[in-house]
2 protein chains.
Amino acid sequence: MASATVSVADICTAAKRASRALAMCDTAVKDAALHAIARELRAGVQEILEANEQDMRAGSEAGLQDALLDRLRLDESRVQAIAEGVEKVASLPDPVGEVLDGGRLANGLDLRRVRVPLGVVAVVYEARPNVTIDAAALCLKSGNAIVLRGSSTAAHSNAVLAGIASAAAVGGGLPEGCVGILAGGGREELAELSTQRDSVDLVIPRGGEGLKEALQAVATVPVIYAASGNCHVYVDESADLDDALAILMNAKTQRPGVCNAAETLLIHARTAPRFLSLALQALGAAGVLVRADERTLALAAPGAQAAGVQIEPAGEEDFAREFLAPIIAVGIVDSVQDAIDHVNRHGSGHSEAIITRDTASARAFQLGVDAACVYVNASTRFTDGGEFGMGAEIGNSTQKLHARGPIGLRELCTFKYLVEGDGHVRA
Amino acid sequence: MASATVSVADICTAAKRASRALAMCDTAVKDAALHAIARELRAGVQEILEANEQDMRAGSEAGLQDALLDRLRLDESRVQAIAEGVEKVASLPDPVGEVLDGGRLANGLDLRRVRVPLGVVAVVYEARPNVTIDAAALCLKSGNAIVLRGSSTAAHSNAVLAGIASAAAVGGGLPEGCVGILAGGGREELAELSTQRDSVDLVIPRGGEGLKEALQAVATVPVIYAASGNCHVYVDESADLDDALAILMNAKTQRPGVCNAAETLLIHARTAPRFLSLALQALGAAGVLVRADERTLALAAPGAQAAGVQIEPAGEEDFAREFLAPIIAVGIVDSVQDAIDHVNRHGSGHSEAIITRDTASARAFQLGVDAACVYVNASTRFTDGGEFGMGAEIGNSTQKLHARGPIGLRELCTFKYLVEGDGHVRA
């Protein structure tokens, strides 16, 4: 934990060395180490809470916002939940070694494509100490060494948590150096970490746009950016309106601050006369501000205002924004194709839903919309590693290369071709 | 073809628009379009050869090297081979729409992960006009629109080839704009292309280190770099020496200038007394210069020099280099683990081979070596999309994210999650 004299490069090089051994560890060894980590977290709860108290005091003195302090804060039940999360990861299937495909080639060689760990994954995150353990558990289970770079705001908490995880992992049989932690210093440290091309195989940032931009400017190591979600709910001509209303309200209001929450409602022109007033009343009752296009305003404005719904004209930019707040853009379209075009123009490729009873509309929307997750008659809120049966996730990708959608154990792996012959040479 | 007044952004935007329709094209339509391209290439051979003659004349006048002129040159049989290549791609299975996995989730949703095209792929290449058609065929078959950016040296050839491909594709039912071609201008054009984040989903460079560095400096769009291959042949203690010799010579001498050729021979210390003189004689007879480590020199030098083998001391840097020439580094190691460590330290993660009869050595090498392709008793030269049964490839990746090894039709795709419910909302 005393990493003051250990350089970023040293920690990454040690992680690389550890990753070679870790890639060959049996599932049972990895799972036993994860259970040891959970056990030691519970045993070390006083030490963890004392370190966290130091961070909390410094955070208060530095005038951190309440929301940030709440993210930073640990208590016994939160430590308990973190330990349970580690046990959950231990219970998941090991992604390493799975044969993805293969067979005997025309030239007589036997070829298998097999899933293997990436090697060293660096996780860069803000002041949430739980990420220290969540990320370490996912990386170790998938056979990767991890280098953690948290926020200096949580430095004491992170150091104790990572120290416990590292000691328990190594005590449980995993290689020395498999959990590395940086001091949580400034932008120079971030730049150094994200340019360790000889040792770091992937950087995963978990944080806002500022962190993303900082990394984009300096990283030469591959980075998977978890991106924003401008998600749509489209209510088709044939939609069941009860389903539509339930899904709309779930997608918009269940947890408006997350990336899979809906930001725009699109309604088919022939459905709008029946659905719009229902939707506006429900949104209004839930305290959601509506930014409506001209057709919506013309259809809805008098009744909506009488019903006390907050409604105002939408600008073009409202259809491109991730509000992450109780605000929704509403528009009327003339066809499922118009809805698809709208979503592809404005969406961020995260999660998109159509509510319809018509098989042709459902098929057109699923084929035509370019996004990680395309739903028929279900809420966009389901985009989540846990909901998808992946057990856990380290983030959610809207990029198209390597990982799209939830980033779970499988997405923390690459593959290699294993090829076997009997003296085969190429003609 | 008259693209003087059309901007890079315009061509990429048109390709993006085309990619939406292309993603929904049936296999039969794509295959018919590919057959139309092959037919029109044959019909247009005179026009193609006249354009190529212009490029050849300009190239000669500009003093291009013979090797470059040979790459640039087209003749009837080369055009014929290009057309046959397109027909071959048409005959391959369509990667789009394949269900990769899925099932009913615990929450009752039906989820499928389905392969879909990336969207718009930009291919940047040097003066090989055949790439214009090879790359277009692979992209169209995988449902991607393509933006071609060849060398100005081949501008006339490329313009005619791309014009024929584009007209035949659109005539065959594919969307307008699905084959775009840039003028082949300078570095500004490259910078503009590789920053079209709203329209270009992937850039694939096919060229040398200069092109790679130029792209690394400017690209904000994802790039898959086809990388160099510092490939090893390791002859284990238990190797069959006839197999070892045949594989060594195939890997080193069959085509020394390609990325899957061997650059280093490692020999187990207990095998060296029996194998080294055989290997050196064969390498010497094939005109290969040997750069040997100290142990190899001590063991082999007197006999080898008597036999006329060119042998000289290796520096550490010789074990890190891709010679791409009749030169090989030779070293002696004490165990399969030492061989693995050497390969992981010096290799580029491309193709690595062990020659052994021992199952434990084979397993250790395949598990421990971190490379795209790990061979047992076979030549590294097999790393190739065609040999791997992928039908064709657009390059070979040594990166770990998204595509590793040959980049075929499948690797030109991403996937999306299709999720179906019946009014499902998240609790």
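Biologist: In this predicted model, which residue is the bridge partner of A:Glu420 in E13(B)?

Modeller: A:Glu420 has its bridge partner across the chain boundary, in strand E13 of chain B. That strand covers residues 373-378 and runs parallel to E16(A), with 5 bridges joining the two. Another of the pairs is A:Tyr417 with B:Cys373. For A:Glu420, the partner is B:Val376.

Biologist: So which strands make up the open sheet, and in what order?

Modeller: There are 10 strands in it, and the pairing is mixed. The twist averages 20 degrees from one strand to the next. Reading across, the order is E1(A)-E2(A)-E16(A)-E13(B)-E12(B)-E7(B)-E8(B)-E11(B)-E9(B)-E10(B).

Biologist: Which strands stand at the edges?

Modeller: Look for strands with a single partner, because one side of such a strand is left without a neighbour in the sheet. One edge belongs to chain A and the other to chain B, where the strand covers 311-313. The edge strands are E1 of chain A and E10 of chain B.

Biologist: Let's walk in from the chain A end. How many bridges join E2(A) to E16?

Modeller: Start with E1(A), residues 99-104, which pairs antiparallel with E2(A), residues 110-117, over 5 bridges. In that pair, A:Arg104 stands opposite A:Asp110. Next along, E2(A) runs antiparallel to E16(A), residues 413-424, and here A:Arg115 stands opposite A:Phe415. The number of bridges joining E2(A) to E16(A) is 8.

Biologist: Which residue takes a positive phi in the hairpin of E1(A) and E2(A)?

Modeller: Check the link between the two strands, which has 5 residues. One residue in this hairpin has a phi near 90 degrees. That residue is A:Gly108.

Biologist: Which helix lies across E16 of chain A together with E12 and E13 of chain B?

Modeller: The helix comes from chain B and covers residues 359-368. Its direction is at about 160 degrees to E13(B). It is H14 of chain B.

Biologist: Which element gives the largest share of the side of chain A that touches chain B?

Modeller: In total, 55 residues of chain A are in contact with 55 residues of chain B. On the chain A side, H10, H14, E13 and E16 each supply at least two residues. By class, that side has 26 nonpolar, 16 polar and 13 charged residues. The largest share, 11 residues, comes from E16(A).

Biologist: How are the two copies related?

Modeller: Chain A can be laid on chain B with an RMSD of 0.1 Å, using a turn of 180 degrees and a shift of 0.0 Å along the axis. In chain A, A:His402 has the C-alpha nearest that axis, 1.9 Å from it. The contacts fit in too: 100% of the contact residues of chain A recur in chain B. The copies are thus related as by a two-fold rotation axis.

Biologist: How far apart do the C-alpha centres of domain 1 and domain 2 of chain A lie?

Modeller: The assignment gives domain 1 as 8-226 + 407-418, and domain 2 as 231-382. Domain 1 is thus written as two stretches of chain A. The C-alpha centres of these domains are separated by 37 Å.

Biologist: And what radius of gyration does chain A have?

Modeller: Chain A contains 14 helices and 16 strands, and its C-alpha atoms fill a box of roughly 70 × 70 × 35 Å along the principal axes. A compact globule with 427 residues would have a radius of gyration near 22 Å, so the value for chain A agrees. That value is 25 Å.

How values were computed: Residues are numbered from 1 along each chain as its sequence is written. Chains are lettered from A and ligands numbered from 1 in the order in which they are written. This is a predicted model: local features need pLDDT of at least 70, side-chain atom pairs count only at pLDDT 80 or more; totals for chains, interfaces and linings use all residues. Two strands pair if DSSP finds at least two bridges between them. Helices (H or I, at least four residues) and strands (E, at least two) are DSSP runs, numbered from the N terminus. Two residues are in contact if their C-beta atoms, placed from the backbone, lie within 7 Å. Ala, Val, Leu, Ile, Met, Phe, Trp, Tyr, Cys and Pro count as nonpolar, Asp, Glu, Lys and Arg as charged, and the others, Gly among them, as polar. Copies are superposed by least squares on the C-alpha atoms of residues with pLDDT of at least 70 in both. Domain bounds come from an automatic or database domain assignment. Axes are lines fitted to C-alpha atoms, for helices over the stretch in contact, and angles run from 0 to 180 degrees between N-to-C directions. The radius of gyration is taken over C-alpha atoms; the globule rule is 2.2 Å times the number of residues to the power 0.38.
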